[in-house]
Amino acid sequence: MLKNDLVLRAAKGLDVERTPVWLMRQAGRVLPEYRATRAKAKNFIDFVKNPELACEVTIQPVDILGVDAAIIFSDILVIPEAMGLPYQMIEAKGPWFEHTVKNKADIDKLKIAEAGDLDYAMKALSLTKKHLDNRVPLIGFAGAPWTLFAYMIEGSGSKTFSKAKQFLYTQPELAHQLLEKITQSNINYLKGQVAAGADMLQLFDSWACVLSESMYYEFSLQYISKICDALSPLVPITVFAKDAHYAIPKIAETSCNSIGLDWTIDPATARQQAGNKTLQGNADPCLLYADAEKIISEAEKMLRAFGKQRYICNLGHGLYPDLDKQKVKLFVDVVKEYKW
Ligand code: CP3
């Protein structure tokens, strides 16, 4: 039995006595302790593939920041890799793929990943679950099919993702074939994560922002919906589609439990559109550059706007590496100490 199950209760729409809080990218460079552990690995990929080190940095924010959930340290790009497209993480630049997907032959060559292909991730989850000792829930995750597709076509990050979008406009049937393969891989992977100890899941659709509304439904949300249908009977699942808040009413029609929000939508509007789903978010990470007084007043304003129930406090995107750890901790403390 979990000692603190606030995040799970909030996700399921059950009563909570206070607002739970965790932060996207809480396991990251904002913590000097993370940087020290990372220095023990040869590079980012070796780090991700080392279950002991992954376990260590996953638990750090629970100990240091006092957050109400741990999120397994990994990356969304492990799925393209398991399907047959290896990547590198280039310092100060981000991900880079030597081979990208260009045509049908490239898609046919890719395999549908099985949980066993990501044995290191399963080991990291079970080890972390053990060491967490039921203090807080463990969150597993995957990239949404569209976001992974975008990296697999583009080969790296991009301002416009115009190559990936060109593929959608010129070869829509092939695009659907690849999206389907990614979806099946994600379902296998996420089921494996649950079997290995994940208490909850989140899908990150970081590049939702580059698609038009109708293309978003066709090329992204229908696949997210399939993943939710496969996983939500097992554990609660959150859908975080960055900068796509026009899609909230449609995301609310999927079988997800909660909807992650970026900071470009106000809480009241999101509530109106999200039916009875739980909401998660949505402080601008840049708020944490402000002085303590401003952090406290804005955090409390946000809590009041979302309300006590069906709400998990978080940021609207990941922590930036140059934020001050003390201010991050202050934000967490304000949420935990808020008296309803
Ligand atoms: O604490 C957590 O949130 C869990 C860990 C986590 C990481 N990546 C670790 C990481 C999670 C959930 C991710 C997801 C991820 N990875 C996303 C979706 C979320 C988002 O941010 O939109 C995306 C788009 C990626 C791809 C990715 N990984 C990029 C673009 C980068 C480079 C950016 C950077 O900050 O350098 C990464 C690297 C990465 N993944 C880091 C971490 C902690 C930084 C690498 C380092 O330690 O130097």
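Visitor: Why does Asn 134 count as partly exposed?

Guide: A good place to start, and please keep in mind that this is a predicted model. Asn 134 has a relative accessibility of 27%. Partly exposed covers values between the buried limit of 20% and the exposed limit of 50%, so at 27% Asn 134 gets that label. Asn 134 sits in the loop between helix 7 (119-132) and strand 4 (138-143).

Visitor: What makes the phi of Asn 134 worth a remark?

Guide: Phi of Asn 134 is near 60°, which is positive, and the residue is not a glycine. Most residues other than glycine have a negative phi.

Visitor: Where does Arg 25 lie, and is Arg 25 buried or exposed?

Guide: Arg 25 belongs to the loop between helix 1 (6-11) and helix 2 (32-38). Its relative accessible area is 54%, and exposed means over 50%, so Arg 25 is exposed. Arg 25 also has a positive phi, near 60°. That accessibility takes only the protein chains into account.

Visitor: Which residues come nearest to the ligand?

Guide: There are 22 residues around the ligand, and Arg 25, Arg 29, Tyr 34, Arg 38 and Ser 206 come nearest.

Visitor: How do you know that Arg 38 makes a polar contact with the ligand?

Guide: A polar atom in the side chain of Arg 38 is 2.6 Å from a ligand oxygen. The cut-off for a pair of N or O atoms is 3.5 Å, so this pair qualifies. Ser 206 has a side-chain N or O atom 2.5 Å from an oxygen atom of the ligand, and for His 317 the corresponding distance is 2.7 Å. On its own the ligand has 860 Å² of accessible area, of which the protein covers 88%.

Visitor: How many disulfides are there?

Guide: The count is zero. Take Cys 209: the nearest cysteine sulfur belongs to Cys 286 and is 16 Å away. A disulfide needs two cysteine sulfur atoms within 2.5 Å, so Cys 209 is in no disulfide. Cys 256 has its nearest cysteine sulfur, that of Cys 228, at 5.3 Å, and is in no disulfide either.

Visitor: Why is Cys 256 called buried?

Guide: Its relative accessible area is 2%. Buried means under 20%, so Cys 256 meets the condition. Cys 209, at 34%, is partly exposed.

Visitor: What makes Phe 331 buried?

Guide: Phe 331 has a relative accessible area of 0%, and the limit for buried is under 20%, so the label follows. Phe 331 lies in helix 15 (residues 325-337). Leaving out residues up to four places away in sequence, Phe 331 touches a list of residues including Val 21, Leu 23, Ala 283, Met 302 and Cys 313.

Visitor: Why is Leu 65 called buried?

Guide: Leu 65 has a relative accessible area of 1%, under the 20% limit, so buried is the right word. Leu 65 is in the loop between helix 4 (51-64) and strand 1. Its C-alpha is 8.7 Å from that of Leu 330, although 265 residues separate the two in sequence. Apart from neighbours within four places in sequence, the contacts of Leu 65 include Leu 31, Lys 325, Val 328 and Val 332.

Visitor: How do you know that strand 7 and strand 8 pair?

Guide: Strand 7 (residues 258-260) and strand 8 (residues 278-283) share three bridges in the parallel sense. Pairing takes at least two bridges, so three are enough. One of the links joins Ile 259 to its bridge partner Leu 279 in strand 8. The open sheet has seven strands in the order 1-4-5-6-7-8-9, paired in parallel. Its edge strands are strand 1 (70-71) and strand 9 (311-315), each pairing on one side only.

Visitor: In what sense do strand 2 and strand 3 pair?

Guide: Strand 2 (residues 87-90) and strand 3 (residues 94-97) are antiparallel, with four bridges. Gln 88 has Trp 96 in strand 3 as its bridge partner. The two strands form a hairpin with three residues between them, and Ala 92 in the turn has a positive phi of about 65°.

Visitor: What makes the peptide bond from Gly 281 to Asn 282 cis?

Guide: Its omega is near -20°, and the bond is cis. Most peptide bonds are trans. Asn 282 has its place in strand 8.

Methods
Residues are numbered from 1 along each chain as its sequence is written. This is a predicted model: local features need pLDDT of at least 70, side-chain atom pairs count only at pLDDT 80 or more; totals for chains, interfaces and linings use all residues. Side-chain values use heavy atoms; hydrogens and water are left out. A residue is near a molecule or strand if one of its heavy atoms lies within 4 Å of it. A polar contact is a pair of N or O atoms within 3.5 Å; within protein, one must be able to donate a hydrogen and the other to accept it, and residues adjacent in sequence count only if both atoms are side-chain atoms. Accessible areas come from the Shrake-Rupley method with a 1.4 Å probe; for residues, only the protein chains shown count as cover. Buried means under 20% relative accessible area, exposed over 50%, partly exposed in between (1.4 Å probe, protein chains only). Contact means heavy atoms within 4.5 Å.
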